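This report walks through a protein model from its surface to its core. Please look over the sequence and the structure first.

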Amino acid sequence: MVLALLSLASNVATTSQLSGEADGLLTARWTVSKVLNAGVVWAGLPVLSGWLVRQPVHGVLAGVVASFTALAVHYGAGRLLDVFASTIWVENAGWFAIAALTGGPLGAVGAIARRRGVWGLPARLTVPVGGDCPRSG
């Protein structure tokens, strides 16, 4: 939930930022937003969830639940705060589909990453190597 809320907060612009009166703050916000909305960060969430539960079968479930929860909190809080339009759910349904397809395998990878040996190292490298897909807000 922390990632979801920080990502949401990093996408909110103030009037002073939009009018050019707070360019330094705008630059800092954009920088933080780019980091928090990077694919590698969002892909890391199900991996971390799997790593925490330790078992690949549990990691699959944990990865999907963590991904769906983060998306629901991100878009739900945005709706409650009137940051996002009511169409946000339809417009971003693709991210839920991606979470359903990738959350489980990434969760399993997280659980396997705890292991030493031939499978552990490639699992630990999965997010840094493969987690660079863009995400819109």
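On the surface of this predicted model, Val12, Leu80, Leu81 and Val83 make a nonpolar patch of about 400 Å², where a patch consists of residues with over 30% relative accessible area and no salt bridge (a side-chain nitrogen of Lys or Arg within 4 Å of a carboxyl oxygen of Asp or Glu), nonpolar side chains (Val, Leu, Ile, Met, Phe, Trp, Tyr) being joined within 5 Å. Val83 lies in the loop between α5 and α6 (88–91), and its relative accessibility of 34% is why Val83 counts as partly exposed, the class between buried (under 20%) and exposed (over 50%), with a 1.4 Å probe and protein chains only.

The protein chain has 9 helices and 0 strands, taken as DSSP runs (H or I of at least four residues for helices, E of at least two for strands) numbered from the N terminus.

| Property of the protein chain | Value |
|---|---|
| Exposed area (Shrake-Rupley method, 1.4 Å probe) | about 7900 Å² |
| Share of the exposed area from carbon and sulfur atoms | 71% |
| Buried share of the 137 residues | 39% |

Inside, the largest nonpolar core (buried Ala, Val, Leu, Ile, Met, Phe, Trp, Tyr and Cys residues joined through side-chain atoms within 4.5 Å) has 15 residues, of which Trp42, Leu71, Tyr75 and Phe84 touch the most other members. At least two residues of this core come from each of α1 (2–10), α5 (56–80) and α7 (93–113), and α5 gives the largest share, 5 residues.

Residues are numbered from 1 along each chain as its sequence is written. Local features need pLDDT of at least 70 and side-chain atom pairs count only at pLDDT 80 or more, while totals for chains, interfaces and linings use all residues, and side-chain values use heavy atoms, leaving out hydrogens and water.

Terms used:
Patch = residues over 30% accessible without salt bridge, like charges linked within 9 Å, V, L, I, M, F, W, Y side chains within 5 Å.
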